[in-house]
Amino acid sequence: MYICAMKPRIKWRNFKIWIKDQFKRKTWFRNFFITGNAWGGFSINSHINQHTGQPKITYNHFESAQKAAEKMGKKHNTHFSIYKCLYCDGYHIGKNRDNKTEYDKNGS
Ligand SMILES: [Zn+2]
């Protein structure tokens with residue numbers, strides 16, 4: 001397996017977008033202070049697929065990620081959430097238990 005010598009690092013210019021994305025959620029208080037799920041965004045696992053070690057599929061816009069999440073959700077009959085990545089300029093989607101950020105299921 002190829003291991004990249006350059007470890008991805010948090011891009012602080014993404015932090016503003018990330019925090020906005022977090023506070024858009026109706027469950028933000030719970031995510032930060034009760035479940036602590038929101039802090040998962042600081043983990044490299046929010047950008048890297050733990051199984052493959054490769055970066056997750058990146059969507060440049062929230063809207064395109066949302067469309068993909070809807071499609072995947074229908075296909076797998078489960079809820080996929082969208083989150084802003086701190087490590088790259090895009091968004092990722094994932095199942096709640098994977099990315100540890102629960103997007104409000106009632107919509108944004
Ligand atoms: Zn990323």
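This tour moves through a predicted model by confidence, core, a buried loop residue and an exposed one.

Begin by colouring the protein chain by pLDDT, which averages 85, with 82% of the residues scoring at least 70. Then select residues 98-108, where pLDDT stays under 50 and for which the model nevertheless has 28 contacts beyond four places in sequence.

Next, select Trp18, Ala65, Ala69, Phe80, Ile82, Tyr83, Cys85, Leu86, Tyr87, Tyr91 and Ile93, the 11 residues that make up the largest nonpolar core. The elements that give two or more residues to this core are α3, β1 and β2 (91-95), and β1 gives the most, with 3 residues. In soluble globular proteins, nonpolar side chains tend to be buried together. Within this selection, centre on Ala65, which, apart from neighbours within four places in sequence, is in contact with Tyr59, Ile82, Tyr91 and Ile93.

Now move to Lys56, in the loop between α2 (28-34) and α3 (62-76). Lys56 counts as buried because it has 22 C-beta neighbours inside 10 Å. If residues up to four places away in sequence are set aside, Lys56 touches His47, Ile48, Asn49 and His92. Add Gly94 to the selection as well: its C-alpha atom is separated from that of Lys56 by 9.2 Å, although the two residues are 38 residues apart along the chain.

Finish at Asn77, in the loop between α3 and β1 (80-84), which counts as exposed because it has 7 C-beta neighbours inside 10 Å. Check the backbone here, since Asn77 has a positive phi of about 55° although it is not a glycine. Most residues other than glycine have a negative phi.

Technical notes:
Residues numbered from 1 in each chain as written. Predicted model: local features only at pLDDT ≥ 70, side-chain atom pairs only at ≥ 80, totals over all residues. Helix = DSSP H or I, 4+ residues; strand = E, 2+ residues; numbered from the N terminus. Buried ≥ 20, exposed ≤ 12 C-beta atoms within 10 Å, placed from the backbone. Contact = placed C-beta atoms within 7 Å. pLDDT = per-residue confidence, 0-100. Core = buried A, V, L, I, M, F, W, Y, C linked by C-beta atoms within 7 Å.
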